[in-house]
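Trainee: I have just opened this entry and would like a guided tour. Could we take it one question at a time?

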Amino acid sequence: LFSSRSSSRVFTAVLTFGLLMGCTKHARIEEPVIHVGLDEGVKTLDPANTYDENSLQVLSSVDESLYEYDFYSTETKVIPLLADGMPVTSKDGRRVTVKIRPGIHYAKDPAFGPAGTRELVANDFVTAVKRLAHPGVQSQGRWIFDGRLVGFTAFVKKLEATPKEKLAAVFESGTIPGLRAIDAHTLEFTFEKPYPQFIYTLTMSFVAPVPPEAIAKYGDEHGQMNDHMVGTGPFKLKDWRRGFSLTLVKNPDFRHVEYPLGSELAGKTMPAADGIEYRVLREEQPRWLSFMRGDIDF
C-alpha cells in the first residue's frame with residue numbers, strides 16, 4: 001500500500017473517516033489527528049533516497065509527484081497529480097512531454113525568504129532528476145534514468161570526475177540533453193529508445209519536485225536533504241525526533257482538492273485530518289497493546 005505516492009492520501013481518508021465518525025472503540029472524535037505506530041524509524045526525508053515503507057508513508061503526505069495511482073479504480077491506473085493531463089509521447093516513442101498544473105504553490109517555508117512560498121515550476125523537476133545523478137546524494141533512484149534518458153549517464157560520469165570543491169558549481173550549471181524545461185509549466189524528456197514504463201516511475205518519490213531554495217537552506221555538505229521536507233502536499237513537517245516520533249500538521253495553504261468519488265469522504269476537502277503523529281514502537285506486542293488501549297489508531 002505505501003509503495004505508492006498517493007498511499008498516505010488514502011490512508012488519511014480511511015482513518016480520518018473512522019476517527020470522525022466514531023466507528024472504532026477508541027475514536028478520538030474531539031481530536032482529528034491520526035496516530036500511527038511504526039515498527040522502525042523514518043530513515044530520510046530526502047525524496048531522492050526515500051525508498052523504504054515508513055519513509056514513503058511520511059513523505060507522500062508532504063511531497064507530491066507528477067502522477068499517482070488511482071486507488072478507487074478496479075484497474076491499475078495512473079492519474080495526474082501535479083501534472084496537467086497525461087503525458088504526450090512522440091510517434092517514435094522517444095520524446096515525452098508533460099504539462100504541469102499552473103497555480104500550485106509550495107507550503108510556506110523559511111527557505112523561500114520573506115515571500116514564504118512560490119509557485120511550482122518545471123525547473124523544480126529538472127533539479128530533482130539532476131540530483132539522482134549527484135554522487136554526494138547517492139540516490140537509489142538513479143536506475144530510473146541511467147542508460148535511458150539521453151545524456152543522463154554522461155552527466156553522472158562528469159559529476160563523479162569533478163573535484164569535490166567544484167562539484168556544486170558543475171552540478172548547478174550542468175545540463176542533461178534529454179531533459180528540458182520548455183517553459184515554466186512544460187517538461188520534455190528524450191530517451192535513447194522507447195520507455196513505456198516511464199509513466200509508472202513518475203508516481204515515485206524520486207521524481208518529486210525539489211526547489212533549489214530548499215537545497216540551499218537544508219542541504220548538507222554532500223548535497224543530501226535528510227532532515228527537512230519542502231513540498232506541495234496537504235501536510236507539512238512540524239517536528240522530527242529521529243528514532244522516536246515525527247509529527248505532520250495540516251498545510252493551511254493547500255490548494256482546494258476534494259476526495260474523489262468512491263471515497264467515504266467524497267466531496268470533502270483534503271485533508272480531513274488536522275495532523276498525523278508517528279511513534280516508533282519497534283516491538284510488535286507493545287505496538288499491538290498501544291493500539292488496543294487507543295494510544296495509536298493504526
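Trainee: Which helix supplies the largest share of the lining of the largest pocket?

Mentor: Happy to start there, and keep in mind that this is a predicted model. Three helices, α3 (122–133), α5 (164–173) and α7 (212–218), each give at least two residues to the lining of the largest pocket. With 6 residues, the largest share comes from α5.

Trainee: What is the volume of the largest pocket?

Mentor: Let us begin with its walls: 22 residues line the largest pocket, and those nearest its centre are His134, Ala168, Phe171, Glu172 and Ile215. The space they help to enclose has a volume of about 530 Å³.

Trainee: How many residues of the lining are charged?

Mentor: Sort the lining of the largest pocket by class, and you find 9 nonpolar and 6 polar residues. The charged class has 7 residues.

Trainee: Is Lys217 buried, partly exposed or exposed?

Mentor: First find Lys217 in helix α7. Its relative accessibility is 46%, and the partly exposed class lies between under 20% for buried and over 50% for exposed. Lys217 therefore counts as partly exposed.

Trainee: Which residues does Lys217 touch, leaving out those up to four places away in sequence?

Mentor: A distance gives a hint here: Lys217 and Pro110 are 107 residues apart in sequence, yet 8.5 Å apart in space, C-alpha to C-alpha. Leaving out residues up to four places away in sequence, Lys217 touches Pro110 and Ala111.

Trainee: Which strands are the edge strands of the open sheet of 4 strands?

Mentor: The order in this open sheet is β4-β5-β7-β6, and the pairing is antiparallel. An edge strand pairs on one side only, and that describes β4 (88–89) and β6 (179–183).

Trainee: Which residue in β7 stands opposite Leu179?

Mentor: Look at how β6 meets strand β7, residues 186–190: the two run antiparallel, joined by 4 bridges. Opposite Leu179, in β7, stands Phe189.

Trainee: At what angle does α3 run to β6?

Mentor: This links the sheet to a helix you have already met, since α3 is one of the helices that line the largest pocket. That helix lies across both β6 and β7. Its angle to β6 is about 170°.

Trainee: Which residue in the turn of the β8 and β9 hairpin has a positive phi?

Mentor: Strand β8, residues 235–241, runs antiparallel to β9, and 6 bridges join them. Arg241 has Ser245 in β9 as its bridge partner. The hairpin leaves 3 residues between the strands, and the one in the turn with a positive phi, about 80°, is Gly243.

Trainee: Is Leu246 buried or exposed?

Mentor: Leu246 sits in strand β9, which covers residues 245–250. Not counting residues up to four places away in sequence, Leu246 touches several residues, including Val42, Leu45, Trp240 and Tyr278. Its relative accessible area is 2%, and the cut-off is under 20%, so Leu246 is buried.

Trainee: How far apart in space are Leu246 and Val280?

Mentor: Along the sequence, 34 residues separate Leu246 and Val280. From C-alpha to C-alpha, their distance in space is 8.7 Å.

Trainee: To finish, what percentage of the residues in the chain is buried?

Mentor: Step back to the whole chain, with its 8 helices and 10 strands. Of the contacts with a separation of 6 or more, 63% are between residues 24 or more positions apart. Among the 298 residues of the chain, the buried share is 54%.

Note on methods: Residues numbered from 1 in each chain as written. Predicted model: local features only at pLDDT ≥ 70, side-chain atom pairs only at ≥ 80, totals over all residues. Heavy atoms only, no water. 1 Å grid on protein atoms, 1.4 Å probe; cavity = no way out; pocket = protein on both sides within 12 Å on 5 of 7 lines; lining within 4 Å. Points joined across faces, edges and corners; volume = space filled by probe spheres on them. Nonpolar A, V, L, I, M, F, W, Y, C, P; charged D, E, K, R; others polar. Pairing = 2+ DSSP bridges. Contact = heavy atoms within 4.5 Å. Axes fitted to C-alpha atoms, helices over the stretch in contact; angles between N-to-C directions. Buried < 20%, exposed > 50% of the residue type's maximum accessible area, 1.4 Å probe, protein only.
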